[in-house]
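Q: Please take me through one part of this protein in detail, starting at a loop and working outward from there. I'm at the bench rather than at a modelling screen, so keep it informal and spell out your cut-offs.

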Amino acid sequence: MQGTISQSAGDRAIQFGYVGQIKSLSVDNRSQQATGNGILQVQIGSITGSTVNVSHGEQQQSPQLRSLPVLLVPRSFPLLLGRREEVKVAVNSLPYDQPVEFYGSPGIGKTALLRHLAHHPSITPAFSDGIVYHHSTRHQPVSDLLQILFNAFHESSVPFKPTDIQIRHAFQEKRILIILEVAKLNREEVENLLNSLPSCTFLVTSQERQLWGEGHSVGLHGLHLNDAMSLVARELGRTLSPKERLVAEKLCTALQGHPLRILQTVALVREDNLSLALMQERIQSTTSTLGWVEQLLASLQKPQKLIVTALAALGGVALGVELLENLTEVPQVKLVLETLIRRNLLQVDGSRYSLSNNLIEYIQQQWNLTPFLENATTYFTTWIQQQTTPQSLLEECDTILQVLEWAVKVGRWSDVICLGRGIEGTLALSGQWGTWQIVLQHLLQAARVIGDPAVEAFALHQLGTRSLCLSEVTQAQDYLTQALRIRESLNDQIGAEVTRHNLEFLLAPPLPPQPKSQSKSVVSPSPTRNPLLFKGSLAVLLLILGGLLFLILRFLYPTPTPVPTPTDSPTVTPPETPLPTPTDSPTITPPETPLPTPTDSPTITPPETPLPTPTDRSTIPPTETPTLESLFLNQSSVIGGATVRGRVILSYPAPEGGIIVELNSRNSSLARVSPSLLKVEAGNKEASFEIFTSSDGNNSSNTGNVEITATYAGVTKTTSLMIESEKLPKPEIRSIRLEQQRIAWGKKVKGAVTLDRPAPDDGVVILLTTDEPFLAQILPSPLKIEAEKTTAAFEVSTSMNDRNFLKDKIVEIAASLEGGESRQTERLSIYTENTSPRLQSLHLENDNGVKIESLTWSRRVTTVQGKVTLNQPESNRDIAIALTGRNVKVQETVTVKAGETTAIFPITILGFDENQQPINFVEIKASYKKMTVTTTLKVVKIVPKIPLIKVPLRSP
């Protein structure tokens with residue numbers, strides 16, 4: 001046998017392996033009455049299904065614990081921007097065994113935060129036995145996750161499947177941090193996972209909150225403006241100029257500080273040689289996040305879109321280069337992947353690539369992925385039949401499962417059977433029994449829909465075998481009975497024999513083989529014999545015989561001596577003339593004497609030998625010398641002034657006279673330990689003490705982390721106590737006020753937010769929003785009110801670049817408390833200052849007057865025309881509109897005649913910039929009375945083919 005896997009499987013241990021093409025597993029069934037008392041061996045891989053037998057004891061092997069600590073951590077992320085409060089929550093919770101969850105939208109920065117915390121110096125030392133990180137874009141049942149975690153800490157030459165109890169024992173009393181990024185875990189599954197491994201500490205992420213009632217669940221939002229600006233500069237690789245900072249502020253505000261959106265936008269600026277100002281205007285012209293994603297994907301070329309389509313269709317599963325090349329038929333796929341990585345659209349994990357999470361949902365909803373999924377299904381139904389080893393199937397397991405789920409969804413049942421039969425054995429061998437059950441249910445559904453009784457019987461047989469191994473007796477019997485009935489009706493003699501074998505094994509399991517050291521003449525005791533009942537009956541029989549003998553002797557040898565009064569001692573007081581001690585019969589014991597403990601061969605004790613008086617166990621000196629084992633506090637953090645209880649625990653009970661443990665606080669002004677010399681009384685293993693913390697908790701100098709130590713016999717144990725300032729009630733927003741409630745378009749107005757009480761030490765964050773974000777922008781947003789302050793100012797600016805600026809508008813400004821429910825609003829009326837004409841729009845047209853957004857450039861120079869439009873005509877004078885352009889030649893002004901609203905002007909597009917590099921876009925701006933409108937044109941260059949000139953050969 002070879003290969004190792006393990007999986008939580010009810011209440012038994014299972015070992016897996018394979019020889020050639022027939023795979024096998026062994027099930028530790030010694031604690032089960034349903035199937036006897038032995039080790040099950042299940043053969044996996046036969047076309048008729050798995051078979052169950054009893055294995056021999058020499059085949060049993062237990063997994064060994066790997067060398068500690070086990071460190072399976074992600075890459076570090078040292079340059080984390082912002083997230084100071086989130087890191088503080090983790091640092092103050094994880095080392096004290098409190099689970100932490102971070103939740104938020106895709107791309108908000110959950111993975112970066114986990115990578116940072118996995119290497120944090122205030123967290124990692126607390127987990128001396130290991131830190132394990134697991135990431136999966138596919139939903140995994142809890143049983144499969146337990147399998148993965150068990151394998152992380154154990155190894156075995158023969159694959160092993162632990163019981164639920166074994167898993168809990170394996171992780172008991174171990175300091176382990178488990179970091180999970182698993183898609184679509186719900187609340188019940190998270191609770192089940194925490195309950196299955198209560199001794200471990202969990203750090204998990206999700207899109208929506210799933211951790212309730214314990215630990216800390218923290219929602220992630222966009223970066224604060226300063227951090228977002230730093231992210232822009234870091235991605236550009238240079239310091240921003242003052243003008244660029246103003247544009248970047250608007251850009252980050254429009255993107256709501258979303259880290260991945262900022263990175264992708266700045267990458268688009270860098271890769272397509274665009275300006276920040278142009279990107280800021282494009283983003284502000286969109287009305288939703290979907291519009292921004294649409295612009296982002298519109299910049300991709302066809303090979304890039306094919307790669308993005310493949311990765312989105314498969315639900316974000318990471319694919320290798322070779323598989324991507326086969327599925328998309330894109331040549332030089334490696335080069336295309338590198339361009340997508342530079343645009344921050346892909347993530348890399350070793351040699352595999354996956355799509356950024358914030359794009360998957362949009363593409364799945366907006367793009368037609370059916371043609372690709374049909375081709376992928378056809379590809380894998382062929383590929384899966386060509387694989388000869390479980391390892392090759394296991395590597396692409398997640399991809400095949402995604403294709404299988406789609407085939408089930410659209411009803412391609414023949415493909416479901418092909419894919420399911422191909423992958424189910426690999427899932428069983430890899431220990432993914434939760435997923436194995438799902439695939440078998442899909443197989444059963446497909447077989448019943450298309451009417452394939454042979455496949456139906458196979459699926460039922462496998463489900464029954466799985467239930468047999470998990471001690472699900474009722475389900476196992478039901479599945480196997482149905483499978484047997486179908487196979488007998490099909491006259492499938494081989495298949496029926498395999499199913500009948502497993503069913504008989506379930507209902508009447510064979511006895512396990514006897515150990516070699518046991519003699520053949522030894523008869524095994526009856527399984528119904530109760531040794532305690534047998535010994536008790538023997539004791540009663542001896543007492544009856546002893547009583548009869550006592551009466552006979554009293555009758556034959558009468559004596560005036562009175563019968564002695566029985567005492568608590570089991571010793572019988574003899575008369576003045578003692579009787580001779582019988583040698584062949586048990587000692588006669590008065591009925592008042594407590595019964596002796598029966599043994600298999602009762603020892604006859606003469607009455608002259610008194611039994612020892614039982615002694616209180618607490619006075620028995622321990623056989624081992626106690627050492628200091630642990631130091632505990634009932635709270636890891638408190639408000640200054642509170643009292644904390646703690647206890648020290650010894651490895652063995654204290655000897656006679658007790659022992660003294662020295663307690664110490666590294667900062668007695670913050671936390672005083674009482675008593676400083678703690679006595680553990682004789683016979684006890686633990687003793688309690690108290691810690692009195694400073695009551696001046698509002699003073700920041702009287703808060704912090706205090707180290708508490710306990711020392712005995714050269715051994716010192718240490719723990720920490722966090723003393724915090726008193727958490728005052730969070731302030732509420734009293735009002736939001738504007739200096740003016742009515743302003744003209746293009747003007748600015750100042751405002752202020754006021755709290756009902758001073759802000760706490762860490763300040764208060766106010767989120768400022770408008771119902772018309774493209775008409776009125778607020779800076780700064782979010783707004784922070786510093787400690788001890790009650791107000792903070794902001795400014796609202798209106799834009800004259802919007803086509804609706806001539807209409808009177810009422811905009812609602814809202815201020816809400818971050819992390820709270822307090823909210824106040826104020827209305828701002830924006831009006832048109834005068835009725836003179838203003839620029840309304842600018843666009844480009846071809847020679848036929850049709851509006852164009854892109855152009856194919858194939859000559860040295862290409863000419864198009866621009867068109868400016870006013871909102872209304874000027875009746876008595878012409879209006880001159882100033883023009884500027886980038887990568888074009890354009891006249892300085894264009895004149896709109898009196899009484900008209902439009903004017904057309906020529907534009908000459910240059911094929912190359914001043915560095916003789918091909919251009920890919922042009923930009924035109926039109927300005928009039930402090931208002932500017934901009935338009936762009938995408939340019940695609942086609943290199944003309946040089947015609948082949950045929951030169952006739954001259955005859956000699």
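**From a buried loop to a cavity wall**

A: Let's start with I108, which is in the loop between β7 (100-103) and α2 (110-117). (Helices and strands here are DSSP runs numbered from the N terminus: H or I over at least four residues for a helix, E over at least two for a strand.) Before going on, keep in mind that this is a predicted model, where local features need pLDDT of at least 70 and side-chain atom pairs count only at pLDDT 80 or more, while totals for chains, interfaces and linings use all residues. Residues are numbered from 1 along each chain as its sequence is written, and side-chain values use heavy atoms, with hydrogens and water left out.

I108 sits in a loop, but is it buried or exposed? It's buried, with a relative accessible area of 4%; buried means under 20%, exposed over 50%, and partly exposed in between, using a 1.4 Å probe on protein chains only. Leaving out neighbours within four places in sequence, I108 is in contact (heavy atoms within 4.5 Å) with R83, L220, H221, G222, H258 and P259. I108 also comes within 9.9 Å of N357, C-alpha to C-alpha, though 249 residues separate the two in sequence.

Step back into strand β7 and you meet E101. E101 is buried too, at a relative accessible area of 1%. So what does this Glu side chain reach? One partner is the backbone nitrogen of Q210, at 2.8 Å. Another is the side chain of S206, through a polar contact of 2.8 Å. (A polar contact is a pair of N or O atoms within 3.5 Å; within protein, one must be able to donate a hydrogen and the other to accept it, and residues adjacent in sequence count only if both atoms are side-chain atoms.) Beyond four places in sequence, E101 touches V204, S206, E208, R209, Q210, L211, H216, S217 and V218. Its C-alpha is 5.5 Å from that of T205, which is 104 residues away in sequence.

E101 also helps line the largest cavity, along with L180, E181, V182, L185, V190, V204, T205, S206 and Q210. Here a cavity is a set of points on a 1 Å grid over the protein atoms alone where a 1.4 Å probe fits but cannot get out, and a lining residue has an atom within 4 Å of a point. β10 (176-182) and β11 (201-206) are the elements that give two or more residues to this lining. The cavity holds about 70 Å³ of space, where volume means the space filled by probe spheres set on the points, with points joined across faces, edges and corners. The structure has 3 cavities of 30 Å³ or more. The lining of the largest one splits into 5 nonpolar, 3 polar and 2 charged residues; Ala, Val, Leu, Ile, Met, Phe, Trp, Tyr, Cys and Pro count as nonpolar, Asp, Glu, Lys and Arg as charged, and the others, Gly among them, as polar.

Further along the sequence, T328 belongs to helix α12 (residues 321-328). T328 is buried, with a relative accessible area of 11%, and its side chain reaches the backbone oxygen of L324 at 2.6 Å. Setting aside residues up to four places away, T328 touches L306, I307 and A310. Q332 lies in the loop between α12 and α13 (333-342). Unlike buried T328, Q332 is exposed, at 57% relative accessible area. Most residues other than glycine have a negative phi, but Q332 has a positive one of about 50°.

Now for the nonpolar side of things. A nonpolar core is a set of buried Ala, Val, Leu, Ile, Met, Phe, Trp, Tyr and Cys residues joined through side-chain atoms within 4.5 Å. The largest such core has 97 residues, and L355 and I363 touch the most other members. Not counting residues up to four places away, I363 touches L297, V308, A312, L355 and L369. Apart from this core lies another, of 29 residues, with L839, V888, V894 and L937 among them.

For the wider setting, the protein has 23 helices and 43 strands. Buried residues make up 44% of its 956 residues. Of its contacts with a separation of 6 or more, 66% come from residues 24 or more positions apart.

Note on methods: On a 1 Å grid over the protein atoms alone, a cavity is a set of points where a 1.4 Å probe fits but cannot get out, and a pocket is an open set with protein on both sides within 12 Å along at least five of seven lines; lining residues have an atom within 4 Å of a point.
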